[in-house]
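Q: Please give me a close look at one part of this structure, namely how its oppositely charged side chains pair up. I am new to it, and a connected tour would suit me best.

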Amino acid sequence: MSAATLAPFGRAERASLVGRTILQIIPRLDAGGAERTAIDVAAALVQAGARALVASEGGRLASELQAVGGVLAPFPAATKNPLAMALNVPRLARLIAEEGIDLVHARSRAPAWVALGACRKAGRPFVTTYHGAYGGRSTLKLRYNSVMARGDVVIANSQFTADAIERLYPFARGRLLVIPRGTDLARFAPATVERARVTRLRESWGVAPHERVVLLAARLTEWKGQRVLIEAARLLKERGLADVRCVLAGDAQGRDSYARDLDARIRRAGLEGLVARVGHCHDMPAALIAASVVAVPSTAPEAFGRSAVEAQAMGAMVVVSDSGAAPETVLAPPQTPAQARTGWRVPSGDAPALADALMSALTLGATARDAIALRARAHVEANFSLEQMTEKTLAAYRAALAK
């Protein structure tokens, strides 16, 4: 059975989550797709009448977890030290017993190994979510990654991810379920963003009122493609494109040498007035309204591509690397007729192609731009809503509990 059609059938439809205690485990609750998904699922669990616990070392999203009715269970979930992980197994098993936890859902590899051991000790269902296309092809690395395919239910965040799981870990096929990352369409809605929020954000970025913004919002890590965008910006400058500011929004997260390298590249190319590095953005809906184009020039395959989906929900023009799950999230030629596109896809690492696509998006007429924005929003509503994701995830929990 294809992972795309696999669903948690059986007694799941009759099972209830009322009064159940579900624990998600994740290293930290900082910015990121996995972390945001944990908060969203916790909120859905509370609404369904369940207790929602998250075992984590905390982070900037811990207050949001509390706000939606979830409970933080402080736990050293970020450790990758083998001895510490081994000691964490009985520690988590005790937490399962003390809190009456009915099911554990792991969202990262190191804590997933701990959760697998603890669930075996406690006799509890174990669910995993593949949030990324994990790197490494050595026997040791494949073994380490395999824990994410060992759940009673294995959730893939895209068909691209599911295909990778089936190829690497065929033993997971009968337990594999595709649940795309969901977008909060109430939060990511153009009509809900006050103009003052956009103005404040543009001013904090140093963007002049007449300048258009090309936004790359991602943590500062090489595979997110900041270097490719800098080179594309240099090419656009050579072509005489004016009144455009490329904004790199994202934390270094300890990668200070990479951040310094980006700054040096900007200086060497004479792009100080064209490319700005602005740090973490706390208001992504406003940032997406502020942007004329959102660039996602990843040099490694995106397992899902949350930024591109959120940008489309806001009606922004989107240019992404044509790899990973991009054909699922952004509709573009050759798979989709040009008149039905929701964005642009270009080869990974190809700065000239990225510059061409950015130029096309920036020079669109108003009618064409509005048409793409409407199609993009409809595409996200049909396939990537938060409600669809949480409903399918809770159904997976019910299926695992029913077994």
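A: A salt bridge here is a side-chain nitrogen of Lys or Arg within 4 Å of a carboxyl oxygen of Asp or Glu. What you see is a predicted model, where local features need pLDDT of at least 70 and side-chain atom pairs pLDDT 80 or more, while totals for chains, interfaces and linings use all residues. Residues are numbered from 1 along each chain as its sequence is written, and side-chain values use heavy atoms, without hydrogens or water.

The structure holds 20 salt bridges, and a good one to begin with joins the side chains of R60 and D251, at 3.1 Å from N to O. These two partners come from distant parts of the chain, 191 residues apart. R60 sits in the loop between β2 and α2, and D251 in the loop between β9 (244–249) and α9 (256–268). (Helices are DSSP runs of H or I with at least four residues, strands are E runs of at least two, and both are numbered from the N terminus.) R60 is partly exposed because its relative accessible area is 37%, and D251 is also partly exposed, at 21%. (Buried means under 20%, exposed over 50%, and partly exposed in between, with a 1.4 Å probe and protein chains only.)

Now follow the chain to helix α2 (residues 62–67), which carries E64. In the salt bridge between E64 and R36, the closest N and O atoms are 2.7 Å apart. R36 belongs to helix α1 (residues 33–47), 28 residues away from its partner. With a relative accessible area of 18%, R36 counts as buried, whereas E64, at 31%, is partly exposed.

The strand β2 mentioned above, residues 51–56, pairs with β3 in the parallel sense over 4 bridges. (Two strands pair if DSSP finds at least two bridges between them.) Here V54 stands opposite L72 in β3. Both strands belong to an open sheet of 7 strands with parallel pairing, ordered β3-β2-β1-β4-β5-β6-β7. Its edge strands are β3 (71–74) and β7 (176–178), each pairing on one side only.

Turning to the other side of our starting pair, β9 is part of an open sheet of 6 strands, in the order β10-β9-β8-β11-β12-β13 and again with parallel pairing. β10 (275–279) and β13 (344–346) each have a single partner strand, so one side of each is left without a neighbour in the sheet. At the β13 end, β12 (residues 317–321) joins β13 in the parallel sense over 3 bridges, and S321 stands opposite V346 there.

The edge strand β10 also brings us back to charges. Its residue R277 forms a salt bridge with D263 of helix α9, and the closest N and O atoms are 2.8 Å apart. The two residues are 14 apart along the chain. R277 has a relative accessible area of 34%, so it is partly exposed; D263 is partly exposed too, at 23%.

Some charged residues form a wider group: E222, R227, D261 and R265 are linked in a network of salt bridges. A last stop is E231, in helix α8 (residues 226–238). E231 is partly exposed because its relative accessibility is 31%. Its C-alpha atom is separated by 8.2 Å from that of P352, although the two residues are 121 apart along the chain.
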